[in-house]
Amino acid sequence: YMKLLETNRLEDSEDENISIPKGEKPAYFEWVLWRSFLAIDHLMIPASEARGFKIDQDMRPLGHAGGGKPDCKFVFSDFVLVVEVTLTNSDRQYGTEGKPVQRHVLDIKKEYPDLPVHGLFLAPKLDPNTLGIYTQSEYWNEKQKWEVLVTPLKIRTFRELFTAMCKANCANPSHIYDVVQQIQEAKSDNPFDWEAAADDIVSRKTLSLIN
């Protein structure tokens, strides 16, 4: 499913059981990330509370998450990950996903004041202006300055990390947390440099997991 979303296709030619209904890619994007983190496990909240969208009796998505709340929220013993996704690749990505994602992360940060809260933003491609806004961790709300951390990744990059964890039989949120922290430490004023650094960090992590 991640490959289909990454390549903007509806069906997998090699597996006729894998397909995405036309017009439902946004919902399936959120759904596949939710399912991925259920596979990683170690959640401290019920699976139903980790998603902002509804599912049917076959566990398929009935639509994407509503406005005003994050797509997915994963609470672990030592950190919280707020996952936001988009299929928008143009400069509209910055306008529609820049500030709203930061606001969602802040809302969850207020909900879990005793745990580190990080945002994970996923898209097929990353607009440099979107990357630019996420290099800024300061966010003002109610006359108070907050640190809001959002890590942007391409679908392909996340898929590589997830696949490596599964192949190595060591799926654990600690690997995600380690990667997110390293990418935050590698922030650059140049969005292209930061994207390249993130790709390199994930590549090195996947190699270490497989080896």
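Modeller: Two strands pair if DSSP finds at least two bridges between them. Keep that in hand while we read this structure, which is a predicted model.

Biologist: In what sense do strands S5 and S8 pair, and over how many bridges?

Modeller: Strand S5 covers residues 117-123, and its pairing with S8 is parallel. Six bridges hold the register. For one position in that register, take His118, which stands opposite Leu149 of S8.

Biologist: How do I read the two faces of a strand?

Modeller: Start with the general idea. Side chains in a regular strand alternate between the two faces of the sheet. Now take S8. One side carries Leu149, Thr151 and Leu153, and the other carries Val150, Pro152 and Lys154. Both sides are covered, and each of these residues is buried.

Biologist: How many residues of strand S8 are buried, and what follows from that?

Modeller: Six of the six, over residues 149-154, so S8 is largely enclosed by the rest of the structure. The cut-off behind the word is a relative accessible area under 20%.

Biologist: Which residues of S3 lie on its two faces, and are they buried or exposed?

Modeller: Cys72 and Phe74 share one side, while Lys73 and Val75 share the other. All are buried, and both faces of S3 are covered.

Biologist: What is the sense of the pairing between S3 and strand S4?

Modeller: Antiparallel, over four bridges, with S4 spanning residues 80-85. Phe74 stands opposite Leu81 of S4. Four residues make the hairpin connection from S3 to S4.

Biologist: Now the aromatic rings. How is a ring pair described?

Modeller: By two values: the distance of the centres and the angle of the planes. Centres within 6.5 Å make a pair, and planes over 60 degrees apart make it edge-to-face. Under that rule there are ten aromatic pairs here. One of them is Trp34 with Phe53, edge-to-face, at 5.9 Å between centres and 90 degrees between planes.

Biologist: Where along the chain do Trp34 and Phe53 sit?

Modeller: Trp34 is in helix H2, residues 25-40. Phe53 is in the loop between H2 and strand S3. They are 19 residues apart, and the pair links distant parts of the chain. Trp34 has a relative accessible area of 2%, so Trp34 is buried. Phe53 is buried as well, at 3%.

Biologist: What angle do the planes of Phe158 and Phe162 make, and what kind of pair is it?

Modeller: Their planes are at 15 degrees and their centres 6.3 Å apart, so the pair is stacked. Both residues are in helix H5, residues 155-167. They are four residues apart there, which means a separation of about one helical turn. Phe158 and Phe162 are both buried. They also belong to one aromatic cluster with Phe37 and Phe74.

Biologist: Which charged residue sits over the ring of Trp34?

Modeller: Arg51. Its charged end is 5.1 Å from the centre of that ring.

Biologist: Next, backbone angles. What is the phi of His42?

Modeller: About 70 degrees, a positive value, although His42 is not a glycine. His42 lies in the loop between H2 and S3. With a relative accessible area of 41%, His42 is partly exposed. Glu142 is another such residue: its phi is positive and near 55 degrees, and it is not a glycine either. Glu142 lies in the loop between strand S6 (138-141) and strand S7 (144-147). Its relative accessibility is 68%, so Glu142 counts as exposed.

Biologist: Let us zoom out. How many helices and strands does the chain have?

Modeller: Seven helices and eight strands. The radius of gyration is 16 Å, close to the 17 Å that the globule rule gives for 211 residues, so the chain is as compact as a globular protein of that length. Along the principal axes, its C-alpha atoms fill a box of roughly 50 × 40 × 35 Å.

Biologist: What share of the residues is buried, out of the 211?

Modeller: 49% of them. The chain exposes about 10,700 Å², and carbon and sulfur atoms supply 46% of that area.

Biologist: And what share of contacts joins residues 24 or more positions apart?

Modeller: 66%, counted among contacts with a separation of 6 or more.

Terms used
Residues numbered from 1 in each chain as written. Predicted model: local features only at pLDDT ≥ 70, side-chain atom pairs only at ≥ 80, totals over all residues. Heavy atoms only, no water. Buried < 20%, exposed > 50% of the residue type's maximum accessible area, 1.4 Å probe, protein only. Phe/Tyr/Trp six-rings, centres within 6.5 Å; stacked < 30°, edge-to-face > 60°. Lys NZ or Arg CZ within 6 Å of the ring centre and 35° of its normal. Rg over C-alpha atoms; globule rule 2.2 N^0.38 Å. Contact = heavy atoms within 4.5 Å. Areas by Shrake-Rupley, 256 points an atom, 1.4 Å probe, with all protein chains shown as cover.
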